Amino acid sequence: MSEQKVMPRAIARRVAVTINNTPVALRLLQRLENNPAFSSILLLGTDTPAIATRRAEFHRMDLSQPQSALALPALLRERGINVFVRQRFFEAPARDAAWAHELEAIGAMYVLNACAEAGVERIIIGSSTTVYGAQRSNPNYLSEDHFGRSNPGPLLFEDRAEVERQAIEFRKRNPQVEVAVLRFATLLSEGVDNFMTRYLTARVTPVVMGFDPLVQFLHADDAVDAITMALDAGKVNGAYNIVGRGVLPLSAVIKLVGRMPAPVPEGLLRAGLRSAWSLGISDIHPRMARYLKYLWVADGRRAERELGFVAKYDVQDCLRDFRKGLESRGMIRV
Amino acid sequence: MAKKGLGSNPFGEAGSASRSAGGKRSKPGKGKPPQKSPAAKTGNKPPPAAKAAGASKPPRPASVPPRTGTPSPKPAAPKAASPAAPSTNKPAPGKAAAKTSSPANKPPPAKSGPPPAKAVPSKPASASGAARPAPAAAAKKPIAAPAGKAVPAPPAKPAAKPASTLPPPLPLKRPKPAATGKVEVVLPSPPPQSAAATPAPPARDGGSFPPVKNKRTPAAKAKKPAPAMDESSIPLDRPLESVLRAVQSAADEARRMEEEIPAPPPAPETPPGSPPAAAGAAMESEAEILIELKPITPDIETSKELLELDHAAEIPEAAALPEATVVQEASGAPVMDGPPPIRPQTGGSPAAALINELQALLTSFPDEVQKLQQRTGGKGLEIGARMLASLRDSLSTLSPQGYSSQWGAMGMSEPGAAMDEFGLDPVYEEKLQPFFDFLYYYYFRAEVSGIEKVPAQGRCMLVVNHSGALPYDAIMLRTAFQNDHPAQRQLRFLVEDSIFYFPVLGPMMSRVGGVRACQENGERLLESGQLISVFPEGLLGMGKLFGERYQLQRFGRGGFIKLALRTGTPIVPAAIVGAEEIHPLVAKLRVGRSLGLPFVPVTFTFPWLGPLGLMPFPAKWRIAFGDPAPLKQYSPADAEDPVLVQRLSMDIRGRVQELLNGLLQSRRSVLAG
C-alpha cells in the first residue's frame, strides 16, 4: 500500500522550507542537508537557524509582511523551487494574537499564491489535530474526514483551521499541484515547547473535575519522519493525521510528568484561566479548557496506508523523553 | 507504617489467641496481653498488616495455619480470614485473661485463677478426655509456634484451655459450652478487682506494643508474672511448663503428621466461635474497662475490623465440611454469645452495629452459604471474601491519603497503566472486578444460557434489551463473558452518548470497557475482531416506565444494522430479564433539562431515599442468547438501503423480544427467578 517510490516528476528536487528554531524544523533541516536527492535547499524565515548549515541557503523573509506577497513568487521562480514545505510558525497561542494571525494564516495565503504562481509541484503544510476541536461528539478516533465541524478555541487553532481551508480551496483551483496537509498530534519530546508542555510544566496543573480525556502525543523525530515521507512519497494528496502510538488519560500524563492534577469545576476553570491569562501569570490559553475536557485523539491509519508512516515512539516514550529534558533543565526533581 | 505495627501486633495476639483461647487465663498476671487486645481493637489494622506481609510475615504463619490449617482450599481468602480469626479470638482471650487474673486472687483459683496448677490436671484431661480438642489446638499452636517460639505462651494457654475448652467445642459441642458457661460464671465475680488491676497494665502494654515480637515477649512475661499473681500457681509453674512442652512436642508431631497427610482436621474452625462466647460472658464486666481503654477508636477502623470478623465467620463456614458447619449451628447458643463480645468493641457505633448484625446473619445461615457455595462451585465465597476485602479497602480510601494512594487524584487512573486504545484500564478494572463479581454472583444471581452461541473469536455484535439509568446490564454482560464464556471473551459495550457528557461517569465507563456509541467507534472495534454489545433502544430503553418493562422500544434508526452490514459482522440477539426491575421507573420529571439530563427519574426509592435510593433492587437476572442472525447474504453496500435496514432492524428486534418473552414465561418471581 505504502508507495515509497521517489517523487517521479521532480528529478532534481529543489525545496524551499519555512524555518524557525523548533526541534522539528532544525531536525528536518539536518535531514534535508544529508539527503543528496535535494539539490538545493532554500530556508525562509526571520531568524537565522540555530545550527550551522552546509548547503542550505537562508533567506530572510517575514511572511507577516505584505511585501512578501511580491517577493516570494519571484524568489521561488528564480530558484526553480518545485517543492515547498510550509511548517507551523507557532506551537502555542501567542499573546500578540494579531501578529500571530498575520504570520500563521495570512502568511500561508502568500505562500499558496506564490506556489501557484511559481509552478511548485508539491506543497506540504504543517497543521495539527487541534483543527478537529475538542467536542463531546468526537468519536474516540477522529479520521481526516472529521475536519470542518470544529470548535478550535484559541485563535492559533482557528488560524490552523483557516490554513487548511485555504489549502482545500487551493487544491480545487490547482489540481495539478499536490498538497499534503500533515496534522500532527501534540508534540512532546525533549526540547519541545508548545501549549501542552507549558500546561504540563505550569505551577498548577488544573484539570476539569470529573473529566479525564485520553490524549496522544507525537515525538519530534516522528514528525520529521512524517515530513520526509511526505516529501518522498510517490503521490500525496489531502490531509494526514500524524500521530504517535498509544493514548493515556490526561491525569496519568500529568502524574508521569511529576505533577499533581488539580481538579477544578469547569466554569471555575474557565474563569480562572481567563483571569490568569489576562494578568499574564499563566501560559495556558483560557479557551483551551475544552481540550482538557473532551477527547480529540486522531486516527493515524491513513498516513500508515498512504505514506507508510508508523510512529517509532509511543506515548510513554514521548513522556520519558520529555521528562528527560525537564530533568536536564532542572525543572523537575528526579 | 501504622499498618505494620498494628498488623504485627494483631497477629501476635491473634496467634496466641488462636493457639489457646484459654491460655490467656494463665496470664492473669499479665493481664496486659489481654489489654493488648484492646489495643489491637483500636488499631484494628491487623488485617491490612496481614496483606502487607513484609513485617507481619512472622505473625502470619502463626495465625494462618490455625485458621486455614483445615480448609486449605481457600488460600486466597486466608488473608482476611486469618486476621479476622485472630481478632475474634483476641478480644475473648484478652477479656478472659483480664478476668482470670483477678479471679486468681479470689475464689476461682480452682478453675482458672491458678493456671499452672490447674494446667497440670487440665492437661492430662485434654490428653485423655479432650484429646481431640487438645491435639487440634496443639496442631495449630505448633504451627504458630514455629514462627516465634511462643512455646512459653502456649503452655500457659493449654492450662486455660481446659477451663474454657473453647477449641474443643467442635467435637464435644455440648459439654464444652457448659464448661465455658461455668467459666464465665466464675469470671464475673472477680471483675471488680480485676477491673481495677487491669486498667493500669493495659496502658503499659499498649504503649510498648512493638510490631512483631511483642507476642512472644508478652507471652514469656506472661508466664512469670502470672505465677506471681497466683498464689497456688508458683509451685506448679515448672510442672506446668514441662507438661506444656510435652503437649507442644505432641503438637509438633501432630503437625508433622498433618504435613505428611494433607487431610486437614476440621476442628480448628470452631475455636473462634466458642472462645468469643466464653469471652462474651466476661465481656460484660470487661466491657467497661475496654470502653475506657479504647474510647477513641474511630468508627472506620472498627468497621474495618468488623468486616474482617465478618469475613472470618464466612470463611470458616465455607471451608468447614458440612459437619463442621452443623457443629457451628449446634453451638449456636454460644455463638450467639459470640457477637456480644464484638459489640463492646464497636462501642455502639451504628455502622458497627449494622455490620455486627450482618455478621450474625451470616453465621446463622451456614447452610444457605453452603448452598451458595455449591452453586458457584466454591468460587463464590472466595469472591465474597475478596469483595469484603475490597469493601474494607474502599473504607480505607475514606482517608485522603488512602484515597489518593488507592485511586489516584481523580479516582480514575493510575499513572503508567497499560491502557488500551479505547481507554480500558486493566488496573482500574481489576480493582472493581470483585465488586462486579459480587453483583453478578450474589446480588443479581445471574444465570446465563446459550452464551456458547457467541463465537470464541472474531467480530461479533450482541443486540440486547436495555434498561436503567446506569448501565448495570452492560457491565453484568461483560462480567458474564469473563466468567462464563468458554473463551472468556472480552466484551466492549457501546454506551449511550449522554453518559459521557456527565462528569466522572464517562471516564469511569471507559475505564471499565465502555465505548461511546457511534459508528466510527463501532467500526474500529469490529474491524479489530472484537465482541461488542449494543443497546439499540438507547435513551428510549433507559426511560422505560415500570409498566413498559420488557417491551422493546424503537431500535433507534437502525444504526447497529448499518454497522453490522458495513463490517460484515454476525449479530447475536440476547435478552436480559431482571435488569428492568432494578430501577422501577414510575415517572420521569422533565425538570432536568437545564442540567443536561434527559429526565430526572422517579422510582419507588429514588428521590425519597436520596443517594441510597439509587441502590438497585436485587432482582434475579437471567441472560439468554439466541442463535446468530443470518446476515451473510447482504453486502456492505446494503447498509445504504434504508428499507432493508429497517426490515432487518425489526427482525432482530423480534428475536430479542422472543427471547425476552421466553425468559419471562419461565420466571415465577422477580426476586427468586
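**Close-up 1. A salt bridge links A:D299 and B:R524.** In this predicted model, the side chains of A:D299 and B:R524 come together at 3.3 Å, N to O. This pair sits in a wider picture: the rule finds three salt bridges across the interface of chain B and chain A. Eight residue pairs are also in polar contact across this interface, with both residues of each pair at pLDDT 80 or more.

**Close-up 2. Chain B offers several elements to chain A.** Let us turn to the side of chain B that touches chain A. Two or more residues each come from α28 (497-501), α29 (505-511), β4 (514-516) and α30 (519-527) of chain B. Of these, α30(B) provides the largest share, with four residues. By residue type, this side of chain B divides into 15 nonpolar, five polar and eight charged residues.

**Close-up 3. The interface of chain B and chain A as a whole.** Here 28 residues of chain B are in contact with 27 residues of chain A. How is the size of an interface often given? It is often given as the accessible area lost when the parts come together. For chain B and chain A, the buried area is about 2100 Å², and carbon and sulfur atoms give 58% of that.

**Close-up 4. Strand β3 of chain B is enclosed.** Five of the five residues of β3 (residues 491-495) of chain B are buried, so this strand is largely enclosed by the rest of the structure. If you follow the side chains, B:L491, B:F493 and B:V495 point one way, while B:R492 and B:L494 point the other way. Note that B:R492 is buried along with the others.

**Close-up 5. Strand β3 of chain B pairs with β4(B) and with β5(B).** Three bridges join β3(B) to β5 (residues 531-534) of chain B, and the two strands run parallel. Within this pairing, B:R492 has B:I532 as its bridge partner. The pairing of β3(B) with β4(B) is also parallel, over three bridges. There, B:V495 stands opposite B:R516. Strand β4(B) may look familiar, as it is one of the elements that give two or more residues to the side touching chain A.

**Close-up 6. Helix α1 of chain A is mostly covered.** In α1 (residues 23-33) of chain A, eight of the 11 residues are buried. Which residues are buried in α1(A)? They are A:P23, A:V24, A:A25, A:L26, A:L28, A:L29, A:L32 and A:E33. The cover over these buried residues includes β1 (13-18), β2 (38-45), β4 (83-86) and α6 (220-232) of chain A.

Technical notes:
Residues numbered from 1 in each chain as written. Chains lettered and ligands numbered in written order. Predicted model: local features only at pLDDT ≥ 70, side-chain atom pairs only at ≥ 80, totals over all residues. Heavy atoms only, no water. Contact = heavy atoms within 4.5 Å. Buried area = accessible area lost by both parts, 1.4 Å probe. Salt bridge = Lys/Arg side-chain N within 4 Å of Asp/Glu carboxyl O. Polar contact = N/O pair within 3.5 Å; in protein donor to acceptor, adjacent residues only side chain to side chain. Nonpolar A, V, L, I, M, F, W, Y, C, P; charged D, E, K, R; others polar. Buried < 20%, exposed > 50% of the residue type's maximum accessible area, 1.4 Å probe, protein only. Pairing = 2+ DSSP bridges.
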